[in-house]
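Colleague: I am new to this structure and should be grateful for a close look at one part of it, followed by an account of how that part sits within the rest.

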Amino acid sequence: MSSNRMSFAEGRRTIRAIATREIGANFDSGIAYVTTIAFALLSNSIFMNGFFLTGTVDMTGFFDLLPLLLAFFLPAISMRMWAEEHKQRTVELLLTFPVRPFQAVLGKYIAALVLYTLMLACSLPIPVMLAVLGNPDPGLILSGYLGSFLFGALFLAFGSLLSALTADQIVSFVTSTLVGFLFVLTGEERVVAIVDGLFPALKIGSFLFENFSALPPLGEFVRGVIELSSLAYFVLLSVLFLWTTGLVLEKNRG
Amino acid sequence: MIQVDQVTKRYGPTLAVDRVSFEVKEGEVVGFLGPNGAGKSTLLRMMCTWLPPTGGTIRIAGHDVRTQPLAVRRSIGYLPEHNPLYETMRVDRFLAFVAEMRGLSAERFAERRAWVVEQCHIEEILTKRVQQCSKGFRQRLGLAAAILHDPPVVLLDEPTHGLDPLQVAAFLEFIRGLAKNHAVLFSSHVLAEVVNVSDRLIAINNGRLLIDEAVSKLRTRAEESGRSIEDLILDEVRGSNA
């Protein structure tokens, strides 16, 4: 009780308490319902449209359309993470409980991941339908879902950081969407060609494609290839953004 | 329980708190007085580890706020200024959340919840959302959350702000009752309520300590000078502004 240390069990209990509260707050505010239903309707209907045109029994079309949709939908989840706490001043209440900032960051992040998993789960009728209609490759579908989960986890991680930098949810949403589109568009071949054309000597477009964009590592998963480098890209970047969020909270106290 | 030693806080070029020192012992209720911007909230925020001091040391229940922040947070119950609460949460769930953050077991929580609900008179709002509660109930809920884990040190920043006179009276009586086995430091603008409930009074102005004296001694001084205790304190504050 008197020690400044925190046991693993205590830390886990604290993170779980914050995550549970956050999940409840997402549903109380209606954000969870709106984003999940809108995402499910939009992603499923766009996929069905393409599916009936091509008639291919796989989910590649679904996973290909996800990045642009997520660049818009995930900031709607991450925008309130810390901006709301700053605006309501509850951040002072939260961070004067016996909790380390990184545990608070992790608690909120887990809550956002739970909500995102629920969004992804709304697409499960697609593989079920494909299994009824034909013989899709389950490994490819699982790999695609894993890649999409990691892709979303990265977006929620930088969303957490951008939310910690402001007390305005709109600012948080807009900046997260912009950064999300940067991660996506730098992986589009046409964009790469245009940016390369602007500075032919520097090849900035190709540099961003190879070193920054989230599309190439996601593409590996969608093709069924689970490379350590792709896995490391998503995990390390997510950890970096979350760690920075903790530092920002520590620095912005008061 | 609370030891503040030569504490300074700077915000850039602005000196918000200037070498303030005082102590609060177990069993004491200490009123913390001062005009707006005097540095009361800044000091309380440093005591609860929300703000780091620029200089000096603060020890709460024997723990240094700088080097042992978790131990300090475990030892305090803190009601921040403006009483921030999670607006969309139900009151009973908010208390359960606080209990979990404070590491209370289910049995201990049931016991403490029954006590704070009775003492703070919040039975009728338990199933309401925080945003549906009146100002008075919100203040009582903030206090209930601050003392739910029975901390040895209770820090309250403007706890009577927005309460009606009857609520203030009940609130002060409750704070008086807390003193038996706690160290209570509460800030206020209102001289009369601080004088009525406190054992000792600390007044600061422009970040500097002006008065740190037992209320009984202040009363004697006031009587000897033929003034009210309120006038005595106001004169000292005015004198420090001159």
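Modeller: In this predicted model, a suitable place to begin is a single pair of residues: B:Val4 stands opposite B:Phe22, which belongs to β2(B). The pair lies within a longer match, in which strand β1 (residues 2-11) of chain B and strand β2 (residues 14-24) of chain B are joined by 7 bridges in the antiparallel sense. The two strands make a hairpin, with 2 residues between β1(B) and β2(B). One residue of that turn, B:Gly12, has a positive phi of about 60 degrees.

β1(B) has a further partner in strand β4 (residues 55-60) of chain B; the two run antiparallel and share 5 bridges. Within this second pairing, B:Asp5 has B:Thr57 of β4(B) as its bridge partner. Thus β1(B) is paired with β2(B) and also with β4(B).

These strands may now be placed in their chain. Chain B has 10 strands, along with 9 helices. Its radius of gyration is 18 Å, close to the 18 Å that the globule rule gives for 242 residues, so chain B is as compact as a globular protein of that length. Along the principal axes, the C-alpha atoms of chain B fill a box of roughly 50 × 40 × 30 Å. Of the 242 residues in chain B, 47% are buried. When contacts in chain B between residues at least 6 apart in sequence are considered, 67% of them join residues at least 24 apart.

Chain B also touches chain A. The contact draws 25 residues from chain A and 23 residues from chain B. On the side of chain A that touches chain B, α1 (8-28) and α5 (90-94) of chain A each supply at least two residues. The most is given by α1(A), with 7 residues. Sorted by class, this side of chain A has 9 nonpolar, 9 polar and 7 charged residues.

Chain A offers one further element for inspection, helix α4 (residues 80-88), which is mostly covered, 7 of its 9 residues being buried. Among the buried residues of α4(A) are A:Arg80, A:Met81, A:Trp82 and A:His86. The cover over the buried residues of α4(A) includes α5 of chain A, a helix that also supplies residues to the side touching chain B. Other parts of that cover include α2 (31-54), α3 (60-78) and α6 (101-121) of chain A. Just after α4(A), A:Arg89 takes a positive phi of about 65 degrees.

Notes: Residues numbered from 1 in each chain as written. Chains lettered and ligands numbered in written order. Predicted model: local features only at pLDDT ≥ 70, side-chain atom pairs only at ≥ 80, totals over all residues. Pairing = 2+ DSSP bridges. Helix = DSSP H or I, 4+ residues; strand = E, 2+ residues; numbered from the N terminus. Contact = placed C-beta atoms within 7 Å. Nonpolar A, V, L, I, M, F, W, Y, C, P; charged D, E, K, R; others polar. Rg over C-alpha atoms; globule rule 2.2 N^0.38 Å. Buried ≥ 20, exposed ≤ 12 C-beta atoms within 10 Å, placed from the backbone.
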